[in-house]
2 protein chains.
Amino acid sequence: MAQKIKLSTIAESLGLSTATISLALRDSPLVAADTREKIKIQARALGYIYNRRAASLRTSRSGIIGVVFHDVMNPFYGEILKAIESELDRSRQTFILSNHYDSVEKQRTFIETLLQLGSDGIIMSPAIGTPLEDMTLAEENGMPAILVARSMDGVDMPTFRGDDSYGISLATNHLISLGHRTIAMVGGTDQTSTGRDRYQGYVNALRKAGIEVDPNLRIPGARSKQGGFEAAVNFLSLPQKPTAAVCWNDLVAIGLMNGVSRAGFVPGKDISVTGYDDLEEAAIATPALTTVSNGQAEVGRLAARALLDRLAGSHEPDGIHLIKPEMRIRQSTSPCVPRT
Amino acid sequence: MAQKIKLSTIAESLGLSTATISLALRDSPLVAADTREKIKIQARALGYIYNRRAASLRTSRSGIIGVVFHDVMNPFYGEILKAIESELDRSRQTFILSNHYDSVEKQRTFIETLLQLGSDGIIMSPAIGTPLEDMTLAEENGMPAILVARSMDGVDMPTFRGDDSYGISLATNHLISLGHRTIAMVGGTDQTSTGRDRYQGYVNALRKAGIEVDPNLRIPGARSKQGGFEAAVNFLSLPQKPTAAVCWNDLVAIGLMNGVSRAGFVPGKDISVTGYDDLEEAAIATPALTTVSNGQAEVGRLAARALLDRLAGSHEPDGIHLIKPEMRIRQSTSPCVPRT
DNA sequence: CTGAAAGCGCTTACAG
DNA sequence: CTGAAAGCGCTTACAG
């Protein structure tokens with residue numbers, strides 16, 4: 001590699017000062033148009049690379065946004081990330097990603113790294129068990145935070161997520177309208193707001209329909225395809241013989257469908273299954289999955305937008321912004337057939 | 001937020017110099033052990049946050065590694081990323097991720113951003129059509145590059161990927177040994193080394209077995225579940241009535257299985273299907289997918305290791321490092337049954 | 001074992 | 001419209 005080109009290199013080669021070069025490269029009207037043009041040409045010719053660290057040290061703006069989720073390999077977060085990515089791209093912000101895998105330490109290490117790098121803000125879906133001081137660590141050090149997908153009690157930072165309780169009631173009501181009465185709830189955990197809200201929504205929908213709620217019909221825990229697949233055994237051996245399952249998310253639903261079909265049942269006919277999230281693959285699962293859209297693209301877009309607006313000075317009101325879910329009826333649900 | 005704590009704040013509060021503080025916080029033996037201890041306690045008490053930008057401006061090491069792939073939502077890249085992540089984690093390096101979606105411009109913008117941020121290195125799976133000068137842009141500016149998954153002709157940077165030609169021949173031979181003679185190849189593109197090598201491996205295996213190669217049995221293009229799903233129609237309408245499909249990857253295979261089962265065929269019985277990559281979900285697909293392990297974890301780990309070693313000064317030899325694939329036989333393949 | 005001073009490459013008042 | 005100078009917060013020779 002050749003010798004490092006910096007502002008002063010360009011300045012000397014043109015007989016100008018670094019101040020002028022700096023302003024010109026950032027299109028400042030303070031510099032005459034033709035001087036600006038000449039400078040830009042020279043910068044390109046010399047292969048100048050802007051040193052963001054130096055600039056950021058001076059301006060205390062880094063152009064970096066941190067994003068921390070449970071796990072991007074989960075397409076639910078992947079779809080949110082994609083929306084964030086495209087929103088940040090057009091504002092020429094770079095994002096730094098970390099999975100926390102629900103480890104509070106990994107999450108804190110990441111927040112500290114972001115602070116060290118002078119990150120301009122953070123978008124996070126907090127790990128299970130995150131203490132309040134970790135939530136405020138960012139803000140207290142001048143780094144605005146936005147929450148997505150999960151909310152936390154006692155925290156009033158701006159939060160964007162779906163209306164879980166309402167969404168799951170849509171799925172439950174759909175099954176009830178098909179004649180199902182023994183409906184299991186599969187997957188999810190009470191340790192997240194999402195898990196609690198969805199279970200509550202399911203319970204409420206059953207009650208409203210006058211169906212007795214049997215807590216043994218809840219098979220909690222599963223959050224992945226693998227988890228749903230393994231839950232099939234428990235589901236099929238329930239003495240109440242449920243004819244339908246409301247699943248915590250699409251991954252669990254797809255895993256469950258695979259599991260019950262291994263056992264010789266036909267999902268969508270013998271057993272009705274609903275998912276949650278409407279992932280891209282829900283539509284091409286076999287059978288195509290009846291599910292609830294959860295607005296991942298919307299969540300990501302709005303969260304990124306809110307953060308960028310805040311960085312630009314406008315202060316969006318805090319609090320939870322709920323995105324309205326919608327039912328997507330496909331082939332994995334059908335009128336109730338009693339199990340034999 | 002309180003007033004910014006910096007080295008000089010700590011120095012003044014203890015009546016020491018910033019040099020001593022700086023050394024102590026980095027555990028230098030040049031500072032007396034008890035002074036070091038006292039300094040660390042004070043730093044924590046004051047809530048000191050290390051300013052990496054300032055340090056990096058001085059040392060020209062940033063602790064940042066760039067990673068650019070086609071798309072992390074593809075679990076193949078997701079699994080590689082996960083291995084890179086855990087390898088970088090233990091060296092306390094932060095990674096910055098970007099998807100290029102096979103857009104050469106998006107990839108170049110990202111490389112330039114990394115250079116501006118002073119990234120220490122880059123791990124990339126180059127976009128289709130990447131020009132040579134983009135490949136060398138990083139190295140010429142002092143940022144070492146490592147390739148994964150895809151190699152590029154005429155580029156002798158260190159590259160880590162599976163032995164595609166050998167791997168696909170394992171799958172093809174497996175089908176041949178089950179009595180299949182009319183075997184289609186579904187998915188992939190000639191625009192990547194992976195696509196070319198896998199098609200070539202399939203052709204070679206057929207030839208070696210004395211089976212005539214029919215170019216019309218190739219249905220190229222698909223690279224996702226959606227793609228495989230859509231390819232099912234073409235596959236089923238081939239006049240040669242293939243009894244088996246060698247798929248370009250697991251996603252295509254799973255999509256294809258969904259597609260053929262929508263059409264009333266039973267994958268794994270009527271139609272044998274092989275995948276490639278052995279993604280986590282291959283084992284829980286229905287039927288469980290026969291596939292070829294492609295060593296994503298190994299690829300990611302070795303690539304990260306190689307980059308870290310290079311940053312530490314040792315110069316790993318350039319050139320392609322091939323990871324040996326292995327056959328994983330499951331339920332999606334069975335002895336040939338002629339199609340009616 | 002500790003300190004004074006220079007410098008990494010920018011940007012930003014301030015002068016002119 | 002352009003320049004001289006200070007300073008962002010570190011680290012690193014160099015002195016003592």
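Start with a salt bridge inside chain B of this predicted model: Arg310(B) pairs with Glu139(B), and their closest N and O atoms are 3.5 Å apart. The two residues come from distant parts of the chain, 171 residues apart, with Arg310(B) sitting in helix α12 (residues 296-311) and Glu139(B) in helix α7 (residues 132-140) of chain B. How buried or exposed are the two partners? Arg310(B) has a relative accessibility of 13%, so it counts as buried. Glu139(B) comes out at 29%, which makes it partly exposed.

**More salt bridges**

That pair has plenty of company, since the count over all chains comes to 44 salt bridges. Here are four of them, with the N to O distance for each.

| Pair | Distance (N to O) |
|---|---|
| Arg310(B) and Glu139(B) | 3.5 Å |
| Arg330(A) and Asp278(A) | 3.1 Å |
| Glu85(A) and Lys106(B) | 3.3 Å |
| Lys225(A) and Glu281(B) | 2.6 Å |

There is also a network of salt bridges in chain A, linking Arg161(A), Asp164(A), Asp197(A) and Arg198(A).

**Around Asp278(A)**

Take the Arg330(A) and Asp278(A) pair, whose side chains meet in a salt bridge at 3.1 Å, N to O. This one also ties together distant parts of its chain: Arg330(A) is in the segment after β12 (326-328), Asp278(A) is in the loop between β9 and β10, and 52 residues separate them. In residue numbers, that loop of chain A runs between β9 (272-274) and β10 (291-293). Both partners are buried. For Asp278(A) the relative accessibility is 18%, and the cut-off for buried is under 20%, so Asp278(A) falls on the buried side.

What else does the side chain of Asp278(A) reach? It makes a polar contact with the side chain of Arg328(A), at 3.1 Å. Leaving out residues up to four places away in sequence, Asp278(A) touches Glu79(A), Asp250(A), Thr291(A), Val292(A), Ser293(A), Gln296(A), Arg328(A) and Arg330(A). So the salt-bridge partner Arg330(A) and the polar-contact partner Arg328(A) both turn up among those neighbours.

**Where the two chains meet**

Now for the interface. In this model, 52 residues of chain A are in contact with 52 residues of chain B. Between them the chains bury about 4,500 Å², with 56% of that on carbon and sulfur atoms. Which three residues give more of chain A's share than any other three? They are Arg53(A), Met73(A) and Ile284(A), which supply 18% of the area that chain A buries against chain B.

There is polar chemistry here too: 20 residue pairs are in polar contact across the interface. On chain A's side, α4 (52-59), α5 (75-89), β2 (94-99), α6 (104-117), α10 (225-236) and α11 (250-262) each supply at least two of the residues that touch chain B. The residues on that side split into 20 nonpolar, 17 polar and 15 charged.

Eight salt bridges cross between chain A and chain B. One joins the side chains of Lys225(A) and Glu281(B) at 2.6 Å, N to O. Another pair is Glu85(A) with Lys106(B), where the closest N and O atoms are 3.3 Å apart. Glu85(A) is in helix α5 of chain A and Lys106(B) is in helix α6 (residues 104-117) of chain B, so this pair joins the two chains. Glu85(A) itself is buried, with a relative accessible area of 4%.

How do the two copies relate to each other? A turn of 180 degrees, with a shift of 0.0 Å along the axis, lays chain A on chain B with an RMSD of 0.0 Å. That is how a two-fold axis relates two copies. The interface residues of chain A are also interface residues in chain B, 100% of them, so the copies meet through the same surface.

**The N-terminal helices of chain B**

Last stop: helix α1 (residues 7-14) of chain B, where Thr9(B), Ile10(B) and Ala11(B) are buried. Their cover includes α2 (18-25) and α3 (33-46) of chain B. After α1(B) comes Gly15(B), with a positive phi near 70 degrees.

Ile39(B) belongs to helix α3 and has a relative accessibility of 0%, so it counts as buried. Beyond residues up to four places away in sequence, Ile39(B) touches Leu14(B), Leu16(B), Thr20(B), Ile21(B), Ala24(B) and Leu25(B).

Methods: Residues are numbered from 1 along each chain as its sequence is written. Chains are lettered from A and ligands numbered from 1 in the order in which they are written. This is a predicted model: local features need pLDDT of at least 70, side-chain atom pairs count only at pLDDT 80 or more; totals for chains, interfaces and linings use all residues. Side-chain values use heavy atoms; hydrogens and water are left out. Contact means heavy atoms within 4.5 Å. Buried area is the accessible area (1.4 Å probe) that two parts lose on being put together, summed over both. A salt bridge is a side-chain nitrogen of Lys or Arg within 4 Å of a carboxyl oxygen of Asp or Glu. A polar contact is a pair of N or O atoms within 3.5 Å; within protein, one must be able to donate a hydrogen and the other to accept it, and residues adjacent in sequence count only if both atoms are side-chain atoms. Helices (H or I, at least four residues) and strands (E, at least two) are DSSP runs, numbered from the N terminus. Ala, Val, Leu, Ile, Met, Phe, Trp, Tyr, Cys and Pro count as nonpolar, Asp, Glu, Lys and Arg as charged, and the others, Gly among them, as polar. Buried means under 20% relative accessible area, exposed over 50%, partly exposed in between (1.4 Å probe, protein chains only). Copies are superposed by least squares on the C-alpha atoms of residues with pLDDT of at least 70 in both.
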